[in-house]
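User: Please take a close look at one part of this model, the place where two of its domains meet, and set out what can be said about it in one connected account.

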Amino acid sequence: MRGMDVLLASPRGFCAGVERAIEIVEKSLEVFGAPVYVWHEIVHNRHVVEALAAKGARFVESHDEVPDGAVLVFSAHGVSKAVVAEAQRRGLKRIDATCPLVTKVHLEAMRYHKLGYSLILIGHKGHPEVVGTMGQAPEGAIQLVQNVAEAAQIQVPHPDKAAFLTQTTLSVDEARDIVAALRGRFPAIQGPAKDDICYATQNRQNAIRGLAPKVDAVFVLGSPNSSNSSRLKELASTLGAKGYLVESAADIRPEWLDGVRRVGVTAGASAPEHLVQEVVRVLREKGGGQVEEMASTPEHVTFPLPPELQAAR
Ligand code: SF4
């Protein structure tokens with residue numbers, strides 16, 4: 001009897017912003033010594049966070065947890081101006097691991113606010129990237145829209161002078177529909193040509209578009225609080241495969257493989273490759289047949305380290 005084939009999505013896993021953020025924490029530990037404080041999880045992956053914590057990183061959610069004179073790294077998701085200002089006031093050594101593609105959205109938010117636009121952010125309430133982006137302007141200056149229904153309802157102070165921005169890790173399809181709804185409401189609305197969804201989120205979703213119709217189930221490596229990983233799982237399900245978000249091979253339940261002849265594997269932008277390889281190994285043990293890589297868009301993006309850490313590279 002033929003075994004269960006495994007199709008590996010490509011690209012998958014770490015993006016340039018996540019690689020840079022992890023390297024920033026590691027270099028900070030090397031240069032300044034442990035402990036180094038990190039605002040929020042550096043990236044949304046439990047394994048990454050635990051590995052860095054073991055090396056001396058301390059993950060915090062408030063300034064109260066950071067002692068005077070400490071080194072504070074801002075996570076890849078970015079932080080509000082208020083968080084930066086408080087760190088500055090306290091004289092902390094600040095190192096910014098915000099992904100440059102998130103910083104680009106921050107700069108746009110500041111620019112539109114300065115020009116007096118009614119600003120709308122498309123994103124998920126409470127996600128740290130959304131909190132950080134909304135915190136680039138005074139409270140209440142940026143309104144959040146999470147879905148088409150909210151886009152249909154939103155009232156803005158200047159309907160003829162509105163602008164939108166988006167979270168970088170949204171579903172491409174959902175963002176397109178929300179942007180269309182906003183354009184319908186506010187024909188003069190300004191914003192990016194399409195959205196601010198980053199190359200890594202788009203490429204991983206495109207890879208799943210190619211893979212999901214060919215398999216019965218898709219395992220997405222990623223933590224539940226990882227936005228781009230959750231979107232991959234949802235997309236796989238939309239395309240007819242059963243989507244499962246797993247943090248490691250240990251999460252795979254035997255019954256999920258019942259009747260499955262072909263299984264797809266991918267990873268969100270914050271999930272390390274060794275977790276993918278572990279899943280592949282376990283699937284092969286459970287009767288896997290061929291393992292095939294389905295390559296789509298090649299990625300060659302890299303981001304430089306902040307200047308204060310470049311010498312340590
Ligand atoms: S998912 Fe995109 S925006 Fe987020 S860190 Fe990676 S490249 Fe940057």
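Analyst: In this predicted model, domain 2 and domain 3 bury about 720 Å² between them, and 62% of that area lies on carbon and sulfur atoms. The size of an interface is often expressed in this way, as the accessible area lost when the parts come together. On the side of domain 2, His-77, Lys-81 and Thr-98 supply 57% of the area buried against domain 3, which is more than any other three residues provide. Although Lys-81 is one of these three, the rule finds zero salt bridges across the interface of domain 2 and domain 3.

As for where these parts lie in the protein chain, the domain assignment places domain 2 at 16-98 and domain 3 at 101-185, while domain 1 is made up of 4-14 together with 199-295. The contact between domain 2 and domain 3 draws nine residues from domain 2 and eleven residues from domain 3, and the centres of the two domains, taken over C-alpha atoms, are separated by 26 Å.

Turning to the ligand, it sits in the largest cavity, where the residues surrounding the ligand include Gly-17, Val-18, Leu-101, Thr-168 and Thr-169. By class, the shell around the ligand has seven nonpolar and three polar residues, with no charged residues.

Note on methods. Residues numbered from 1 in each chain as written. Predicted model: local features only at pLDDT ≥ 70, side-chain atom pairs only at ≥ 80, totals over all residues. Heavy atoms only, no water. Near = heavy atom within 4 Å. 1 Å grid on protein atoms, 1.4 Å probe; cavity = no way out; pocket = protein on both sides within 12 Å on 5 of 7 lines; lining within 4 Å. Sits in = over half its atoms within 2 Å of the grid points. Nonpolar A, V, L, I, M, F, W, Y, C, P; charged D, E, K, R; others polar. Domains from an automatic or database assignment. Contact = heavy atoms within 4.5 Å. Buried area = accessible area lost by both parts, 1.4 Å probe. Salt bridge = Lys/Arg side-chain N within 4 Å of Asp/Glu carboxyl O.
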